[in-house]
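Student: I should like to request a close look at a single part of this structure, set in the context of its surroundings.

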Amino acid sequence: MTKARRPRLTPLHLAGWLFADMLLVLALVAMGDQGDPVKAAEADKSSRASASPSATPSPGPKPSPTPSGPRAVERTAVELSVDGDASDTDRIVQQLRDRTGQYQGRTAAFVLTFGRNPEVGGGVEYARRINGLLVKARPEMFGGATTRDFFVQGSSGGRADIEIYFYTY
């Protein structure tokens with residue numbers, strides 16, 4: 001009588017568990033990135049209680065409240081585009097300064113740049129060059145930002161669509 005052979009555990013059997021564990025880690029990271037809802041509700045409640053109606057208008061704008069809790073990333077992106085030859089860095093830097101001027105004082109968390117080109121390699125390379133010029137255009141805004149280079153098929157090169165996700169404060 002021969003012994004029945006037990007099937008061996010192969011790495012393929014572990015792939016499902018690995019995927020589930022990675023999904024769990026991503027969910028925990030996403031939940032950990034959120035602000036504290038209890039603290040936010042308390043702050044909102046205390047600001048409503050301290051606000052009392054007055055007969056005279058206030059003399060000027062109220063100072064902005066001091067941020068509390070962890071800094072988060074805004075969910076909506078600021079979208080802009082630049083165009084020009086990749087070798088004309090001065091023109092592109094000036095366009096970046098002009099189009100981001102209204103956001104001075106804010107800090108970018110991450111930037112997605114989509115280079116338009118008929119070829120994948122050309123679009124990604126153009127996006128990479130634009131992302132390399134962000135810090136030159138506004139070092140205080142893009143200094144610590146994470147950038148990603150993407151490709152969008154276009155009829156001609158020399159244009160990039162940029163999505164900037166800013167920190168909440």
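Which residues does Gly-84 touch, not counting residues up to four places away in sequence?

Tutor: The model is a predicted one, and the description below should be read accordingly. Gly-84 touches Arg-91, Ile-92, Tyr-126 and Gly-158, once residues up to four places away in sequence are set aside. The residue lies in the loop between E1 and H3. With a relative accessibility of 10%, Gly-84 counts as buried, because the limit for that class is under 20% relative accessible area. The C-alpha atoms of Gly-84 and Ala-160 are separated by 9.0 Å, although the two residues are 76 positions apart along the chain.

The elements on either side of this loop can be taken in turn. Strand E1 spans residues 78–83 and includes Ser-81. Ser-81, at 19% relative accessibility, also counts as buried. Its side chain makes a polar contact of 3.1 Å with the side chain of Arg-159. Leaving aside neighbours within four places in sequence, Ser-81 is in contact with Arg-99, Arg-159, Ala-160 and Asp-161. Ala-160 thus appears in the contacts of Ser-81 and in the C-alpha distance given for Gly-84. A further distance involves Gln-95: its C-alpha lies 8.7 Å from that of Ser-81, with their positions 14 residues apart in sequence.

On the other side of the loop, helix H3 comprises residues 89–100 and packs against helix H4, residues 120–137. Two packed helices are described by the angle between their axes and the distance between the axes. Here the axes come within 9 Å and cross at roughly 65 degrees, and the crossing of H3 past H4 is right-handed. The H3 residues that take part are Thr-89, Asp-90, Ile-92, Val-93, Leu-96 and Arg-97; they meet Tyr-126, Ile-130, Leu-133, Leu-134, Lys-136 and Ala-137 in H4. Ile-92 and Tyr-126 belong to this interface, and both are touched by Gly-84.

Asn-117, in strand E2, offers a further view of the surroundings. At 16% relative accessibility, Asn-117 counts as buried, and its side chain reaches the backbone nitrogen of Glu-119 at 3.0 Å. Beyond neighbours within four places in sequence, its contacts include Gly-122, Gly-123, Phe-151, Val-152 and Gly-157.

Strand E2, residues 108–117, also contains Phe-114, which pairs with Phe-150 of strand E3, residues 146–153. The structure holds three aromatic pairs, and this one is stacked, with 5.1 Å centre to centre and 20 degrees between the planes. The pair links distant parts of the chain, its members being 36 residues apart. Phe-150 is partly exposed, with a relative accessible area of 33%. Another ring, that of Tyr-167, has the charged end of Arg-71 over it, 3.6 Å from the ring centre.

These details belong to a protein chain with five helices and four strands, arranged from the N terminus as α-α-β-α-β-α-α-β-β. Buried residues make up 24% of the 169 residues. Among contacts with a separation of 6 or more, residues 24 or more positions apart account for 83%.

Definitions and conventions
Residues numbered from 1 in each chain as written. Predicted model: local features only at pLDDT ≥ 70, side-chain atom pairs only at ≥ 80, totals over all residues. Heavy atoms only, no water. Phe/Tyr/Trp six-rings, centres within 6.5 Å; stacked < 30°, edge-to-face > 60°. Helix = DSSP H or I, 4+ residues; strand = E, 2+ residues; numbered from the N terminus. Buried < 20%, exposed > 50% of the residue type's maximum accessible area, 1.4 Å probe, protein only. Lys NZ or Arg CZ within 6 Å of the ring centre and 35° of its normal. Polar contact = N/O pair within 3.5 Å; in protein donor to acceptor, adjacent residues only side chain to side chain. Contact = heavy atoms within 4.5 Å. Axes fitted to C-alpha atoms, helices over the stretch in contact; angles between N-to-C directions. Left-handed = near helix turned anticlockwise from the far one by under 90°.
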